[in-house]
Amino acid sequence: MSRPSDIYRDVSYQFFYRRKWPHGFCCPRCGYRQAYTVHSPVRTLPLYQCQCCRHQTTLTAGTIMEGSRTSLAKWHTVIELLSDKKSVNAVQLALLIQVTYKTAWSILHKIRRAISELDEDRRLAGYVTGGVVFYGRPQFAYYRTEREHPLWVSCAQEREVRRDNNFERDSGLYVKIKRLTDHDLIGQKLAHSGETRLFEEHLEGQAVGVTLNRAEFRRNPLLFPLYKEAEKWINQTFRGIGGKYQQAYWDEFCFRVNYMHHVHPVSHILASVCMGNFEQAYRRKHAS
C-alpha cells in the first residue's frame, strides 16, 4: 500500500484529480475550495474535509470508480485503451491489467454507460442527415433476417446544445448511431412514427432533419463510410455484438469520432466524463 505522501506523486492520481478538479479542490456540497486532508491506515485514497461545511469526500466519490477495488493506475490504463480507435474487449483487458474477466467487463460497462449518458444529453442541431442500415445483414441478402439489427446513422454540422436548448460554441460534425425497433420501421424503411421519435429524442427544436433513402445513404460520402468503419471495428474487436448491449458499443465508437479533433486529448475527455465533470472542464472547448 502506498504511503499517504506517495499518493500525491502518483501519475494516475494526479491524472484523475485534474480531470475532476481542474481548478483545484471544490466541495461537491457547498462549492468551497479549501479542505483539510484526512489520512487513515484503512484508506488507500485521501479523505478531503471541506473547511466551510465539513462535508467529507474523496477523489472517486460520485464517480463511476466509487467503491471500486481496482487501482487508479488500472483505471487509467483502461481510459487510455478506450481512447484509442482500436479499443479493447474484456478478454484482452483482463490479461492486460491482470484482473478477472468479470472485473474487466464491469469496468468497460461502467465507462460505456457514462459515454451513453453523455450522448443522450446531446441533441443534434443545424442540418441533420440520417439513414437506415441493417447491422448483421449477410452479403447479397435482399430481405431482412432475424439476426439483423436496424440502425439509424446520422450526422450534423451543428452547434453543441443541451436538453434545455441553450446554444454553445460551434463543434463541427457530431454523429450518432442509434438502434431502431420494429415499430420504427415499415418493411425496411423508416416509418413516419419512427422518424418523429428519433427527431424528438435526438434533435433540438430548430434543427432540420432529413432522412435518406437506401440508395442515397449508400452514396453519402460521410454516413456510409462511417457506418462501415463502425461495423468493421465491432466485428474485429468483439466478433460481433448481440442486441442487449449493442447500443453502448455504437455510442463508444461515435464518442471517439466526435472528439478525435477536440482541443483536448480524447483520454482526458473520457476521464472527465467518468469523473462526472465533463461539462465544466471541456464543454466549452475554446474557452481559455
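1. Let me start with the character of the main void in this predicted model. The residues lining the largest cavity divide into five nonpolar, one polar and one charged. By name, the lining consists of Trp105, Leu108, His109, Arg112, Tyr245, Ala248 and Tyr249. With Arg counted as charged and Trp, Leu, Tyr and Ala as nonpolar, His109 falls in the polar class.

2. Which elements give two or more residues to that lining? They are α5 (101-120) and α9 (246-259). Helix α5 provides the largest share, four residues. As for size, the volume of the largest cavity is about 50 Å³.

3. You may wonder how many cavities of 30 Å³ or more turn up in a search of the whole structure. The search finds two, and the second largest has a volume of about 30 Å³.

4. Around the second largest cavity you will find Ile115, Leu118, Asp119, Tyr174, Asp251, Cys254, Phe255 and Asn258. Here too, the elements giving two or more residues are α5 and α9. For this cavity the largest share, again four residues, comes from α9.

5. On chemistry, the lining of the second largest cavity splits into five nonpolar, one polar and two charged residues. Asp counts as charged, so Asp119 and Asp251 from that lining belong to the charged class.

6. A quick recap for when you open the model: α5 gives the largest share of the lining of the largest cavity, while α9 does so for the second largest cavity.

Definitions and conventions:
Residues numbered from 1 in each chain as written. Predicted model: local features only at pLDDT ≥ 70, side-chain atom pairs only at ≥ 80, totals over all residues. Heavy atoms only, no water. 1 Å grid on protein atoms, 1.4 Å probe; cavity = no way out; pocket = protein on both sides within 12 Å on 5 of 7 lines; lining within 4 Å. Points joined across faces, edges and corners; volume = space filled by probe spheres on them.
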